[in-house]
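Here are a few exercises to work through with the model open in your viewer. Try each one before reading the solution.

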Amino acid sequence: AIPLKYGAQYTGKRSDEAMNKWRSNRFGQFIHWGLYAIPGGVWNGKTYNYAAEFLKSSAHIPTPVWDSLMYQFNPVKFDAKAWAKMAKKMGVKYMTITTKHHEGFCLWPSEYTNFTVANSPYKKDIIKQLVEAYNAEGIDVNFYYSVLDWHHPDWRYDIKTPEDSVAMSRYLTFAYNQLKELATNYPTVKAFWFDGTWDNSVKLNGKWTYEVEKMLKEVRPGVIVNSRLRADDYGKRHKDSNGQLMGDYESGYERRLPDPVTDLAVTKWDWEACMTIPENQWGYHKDWSISHVKSPLELLEMLVHTTSMGGNFLLNFGPSGEGTFRPQELNIANTIGAWMSKYGNVIWDCDYAGMKKEDWGYYTKKKGSNQLNMVVFNVPVSGLLRVNTPKGMILEKAAFLDSKGVSLKVEEIAANQYLIHIPVKQYTSPQVIQVDYREGNAKGSYEKAKT
Ligand SMILES: C[C@@H]1N[C@@H](C(=O)NCc2ccccc2)[C@H](O)[C@@H]1O
């Protein structure tokens, strides 16, 4: 192994209470909110189809012009309690809020800069209101923080001169202080979601990323940081020069999911995928007709897919400059919430079942139970759901979760090979089958085909 001072601090999954809770949460709400929500992707009457939170760069807007949006930030319809109630109904167990996105505007009254809500017409601390409202609904709150900062004069993309180095170290001290401020002043924060760490200026400062992780865990014991924060002694990101994951969970899946057959390696570590409702809009965009908008069932399948591979699914919402969500976002929250109110127990506290992926859908398994869940998205025309079990696993019975007790026929067709018979009809949402099994070896009464 290559000796490292700023590489992975441990190997394997954390098994402390804080991480077990983070893992059991499984489903989270991402919220991207900032000055970009005011123009919403439109500038001087022109609609830009890029992500709305990049409008400053896609419309080449000078920093002073962009920054003056602060004087327009006044979300008169913002109601943290209403947001938290919607999230509770959706069935999320955590929420991750952008405390500061690439634009540098802070949703909390930071003492280290004037570019915050405190100096906007709104004045009040948005982070405090959200933490209190979501925690009151029993939802954990995590902080997104962009290291990349388009506002701060000391930010550098690369370190080419001694002046760059002096300026960037001033910037990193500023960011360190802001992060300590967030971890200190909002003591119920459970995790930090770092972004904007891909530039060379950060990769050359692996030591700083190590020190931030260390400081946060000293100020807030148990707190969780994503792999995207970290660079090692040689600028390697996410995984160090020895291939070990840094931070507490892998955060590379942005608007994409690992393949359930070829990417099974992800089941060896904790990970989270974050997802947009349109193709690529994190912040509020005025015109959602410019791309596909994912349906509730499309997103629900992604949630189940993610749980089936032992990951967390963070679904993004982009409130408007006034603090409201769109009808499509409300519909998604209600539709997924209705399914979660019936079947949330096959998501929360569930994990990878170690079973071979089948065409009909996904398996999840409740931690520490002999309960195997089958979430069926694709009913075969035959009505026969194939189940291949690992050696030593015998299926006993199967039943639709909502029609308690009505058993389904389980046909053993060979050692560790079964067919579960379900009615062939039009289903309008994924069906959940609960399977009970026991340890033991198949009767072995089958002749192995001579090949
Ligand atoms: C979680 C997402 N990560 C941000 C993102 O894609 N940044 C990519 C980026 C690439 C190059 C310049 C600026 C930003 C998006 O704005 C979201 O915050």
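Keep in mind that this is a predicted model.

**Exercise 1.** Find which residues Ile347 touches, leaving out those up to four places away in sequence, and decide whether Ile347 is buried or exposed.

*Solution.* Start with the contacts: Ile347 touches Arg26, Leu303, Val304, Thr307, Trp339 and Met340. Next, place the residue: Ile347 sits in the loop that runs between helix H10 (327-343) and strand E11 (350-351). Now the burial call. Buried means under 20% relative accessible area. Ile347 comes in at 0%, so it's buried.

**Exercise 2.** Place Tyr363 in its secondary structure element, then work out whether Tyr363 is buried or exposed.

*Solution.* Tyr363 belongs to strand E12, which covers residues 361-366. Its relative accessible area is 6%, so by that cut-off Tyr363 is buried. Look at what it touches beyond four places in sequence: the list includes Ser308, Met355, Leu372, Arg386 and Asn388. For a distance check, pick Val432, 69 residues away along the chain: its C-alpha atom and that of Tyr363 are 9.7 Å apart.

**Exercise 3.** Trace the strand order of the open eight-stranded sheet and name its edge strands.

*Solution.* Walking across the sheet, you get E7-E6-E5-E4-E1-E10-E9-E8, with parallel pairing. The edges are strand E7 (224-225) and strand E8 (250-254), since each of them pairs on one side only. Zoom in on the E7 end: strand E6 (residues 191-195) pairs with E7 in the parallel sense over two bridges. There, Phe192 stands opposite Val225 in E7.

Note on methods. Residues are numbered from 1 along each chain as its sequence is written. This is a predicted model: local features need pLDDT of at least 70, side-chain atom pairs count only at pLDDT 80 or more; totals for chains, interfaces and linings use all residues. Side-chain values use heavy atoms; hydrogens and water are left out. Helices (H or I, at least four residues) and strands (E, at least two) are DSSP runs, numbered from the N terminus. Buried means under 20% relative accessible area, exposed over 50%, partly exposed in between (1.4 Å probe, protein chains only). Contact means heavy atoms within 4.5 Å. Two strands pair if DSSP finds at least two bridges between them.
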